[in-house]
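Got the model open in your viewer? Keep the selection box handy, and we'll hop from stop to stop.

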Amino acid sequence: MEKTPKRILIVDDDIEIIWYLEKLLTRFGYESENAASGSVALEKMKFNKYDLVLLDIYLPDMLGTDLMLRMNESKLKYPVIILSAHEDVHLAVETTKLGAFDYLVKPVDEERLGLVIRNLLEKMQLENKVAVLTNQLNARETQEEIVTEDEAFMKIIKTAKEIADFEVSAMIFGESGTGKELIARAIHNNSRRKNGPFVVIDCATLPDNLVESELFGHEKGSFTNAIDTRIGRFEMANGGSIFLDEIGNLSLNVQTKLLHVLQEKTIIRVGGKQNINLDVRIITATNINLNEAVKKNIFRDDLLQRINEFYIELPPLRERGDDIRLLSNYFLLNYNIKFNKNVKTIDDEVVDVFYSYSWPGNVRELQNTIKHSLLMASSSINKACLPKNLLYRVEAEKHDITTVDIINNDSEEIKSLKSVSGEAKAFSEKTAIIKALKKFKWNKVKVAKALMIDYKTLHNKIREYEL
């Protein structure tokens, strides 16, 4: 396949220099564009992709160093070579600190410029390869990070591995931070596709105007700024699995196109005409009730049937018993190694706080809490090490539970004895369940036994009282 020429942006206000550099770059086998000011260059960099920037130090509206600062602020990470008519050591040092690869003085020696450009492009290519390999390594390490002793969660992992070799589309439901991607990876890594790619897409973060391009790719020139042909995530996943996280965020228009892809097992790039065959397993995840979304006409029922051939529901962390302590110690060990610390224990008072908290952010929130606390700790994590916002939320939850007053004595509303009795009963039941859940650290088997009710009744009560 023919390689796409590298694209270089020339930022200079001297027309003769631009003309000269463009001819030189063409001779070297590169494509080029130009910008006569820093502000024009910034706009071009925001909406186009370049492999390298040749930057004059004195521009009509700003210094080249100012442009580099703005590039850093806007997270425009383009490699830069400075071209200046002045040999200035201080400027050379300053631009190097800002990330410039080299500082060349005009008139530039053609051979030297060609060598510097080639070296920089080779360096960037090597760094990109290293980044890809690092991501692959992290992905393989991530698959082992399902840490649990909770029986219900272990059954889910076992089920995920058992269905891995059956080519069914799996849908994983769970709150944010419960480990949906880990389960998706477990399915992929235990299937016949394990040596193929595993491509992750967070549908919640896809820009509306680029969703189709991200998913299905686009042809060069198919829309403004489509400067190259680009393959989409589905094409990248060919021979492997694709994980669509938070699929409920896709628009109805994209849902329709996704349904067609799943039915026909082909895609057409944006602006393209050719069908591209696909061999991809689809795994999806959501933290919203898609059946309710179907009723509200914001999700297609036929698409839901396609992606929900096997349903997996993940429990929130607060329902995973002693996993809170287990995961806390696991993260403590990992971050001790990562940050070269020697924090040995987590104080009992901290463990009590952890078990009294509902963890709306689940495992991810616990992980971030341990990271923060370990950085604040010396020999052990105590209450003073915890993030202040976490302690505020714990107190707020405690306040909500202990000050609930179902029978409002100040109300002038007269209620029937039957309704008052029902409210009092609900309040007593809720209080008793909360106390038992705290005492047995959300071990629902023990809680049900202590309250002398069956597990299903307890589960229904927890849902009823929104605990």
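Start by selecting lysine 341, in the loop between helix H13 (323-338) and strand S13 (345-346). Helices (H or I, at least four residues) and strands (E, at least two) are DSSP runs, numbered from the N terminus. Before going on, note that this is a predicted model, where local features need pLDDT of at least 70 and side-chain atom pairs count only at pLDDT 80 or more, while totals for chains, interfaces and linings use all residues. Residues are numbered from 1 along each chain as its sequence is written, and side-chain values use heavy atoms, with hydrogens and water left out.

Is lysine 341 buried or exposed? Neither label fits: lysine 341 counts as partly exposed because its relative accessibility is 27%. The cut-offs are under 20% relative accessible area for buried, over 50% for exposed, and partly exposed in between, using a 1.4 Å probe and protein chains only. Now show what surrounds lysine 341: leaving aside neighbours within four places in sequence, it is in contact (heavy atoms within 4.5 Å) with Asn336, Leu374, Leu375 and Ala377. Add serine 378 as well; it sits 37 residues away along the chain, yet its C-alpha atom is 8.2 Å from that of lysine 341.

**Next: H13 against H15**

Select H13 together with helix H15 (residues 362-376). The two pack at an angle of about 45°, with their axes 9 Å apart. Axes here are lines fitted to C-alpha atoms, for helices over the stretch in contact, and angles run from 0 to 180 degrees between N-to-C directions. H13 and H15 are therefore oblique to each other: under 35 degrees would count as roughly parallel, over 145 as roughly antiparallel, 65 to 115 as roughly perpendicular, and the rest is oblique. Look down through the pair and you'll find that H13 passes H15 in a right-handed crossing, meaning the near helix is turned clockwise from the far one by less than a right angle; anticlockwise would make it left-handed. For sticks on the H13 side, pick Ile324, Leu327, Ser328, Phe331, Leu332, Tyr335 and Asn336. They meet Val363, Leu366, Gln367, Ile370, Lys371 and Leu374 in H15.

**Next: strand S8 and its partners**

Jump to strand S8 (241-245). Five of its five residues are buried, so S8 is largely enclosed by the rest of the structure. Ser241, Phe243 and Asp245 point one way, and Ile242 and Leu244 the other. Which strands pair with S8 in the parallel sense? One is strand S7 (198-202), which runs parallel to S8 and is joined to it by five bridges; another is strand S11 (residues 281-286), parallel over four bridges. Pairing here needs at least two DSSP bridges between the strands. Phenylalanine 243 is a handy marker: it is the bridge partner of valine 200, and it stands opposite isoleucine 283 in S11.

**Next: the cores**

Colour the largest nonpolar core, which has 30 residues. A core is a set of buried Ala, Val, Leu, Ile, Met, Phe, Trp, Tyr and Cys residues joined through side-chain atoms within 4.5 Å. Leu215, Phe234, Leu244, Phe299 and Ile307 touch the most other members. The elements giving two or more residues are S7, helix H8 (211-216), S8, helix H10 (252-264), helix H11 (290-295) and helix H12 (301-307), and H10 gives the most, with five. Zoom in on phenylalanine 234: not counting residues up to four places away in sequence, it touches Leu215, Phe216, Ile242, Leu244, Leu258, Val261, Ile267, Leu278 and Val280. Then switch colours for a second, separate core of 27 residues, including Val147, Tyr355, Ile381 and Leu386.

**Last: the five-stranded sheet**

Swing over to an open sheet of five strands with parallel pairing, in the order S2-S1-S3-S4-S5. Its edges are strand S2 (31-35) and strand S5 (102-105), each pairing on one side only, and the twist averages 20° from one strand to the next. Strand S1 (residues 7-11) pairs with S2 over five bridges; serine 32 in S2 is the bridge partner of isoleucine 8. Helix H1 (residues 15-28) packs on the sheet, touching S1, S2, strand S3 (52-56) and strand S4 (80-84), with its direction about 165° from that of S1. Helix H3 (residues 64-73) packs on it too, touching S1, S3 and S4, at about 145° to S3. In H3, select threonine 65, which counts as buried at 3% relative accessibility. Beyond four places in sequence, threonine 65 is in contact with Ile57, Leu91, Glu94, Thr95 and Leu98.
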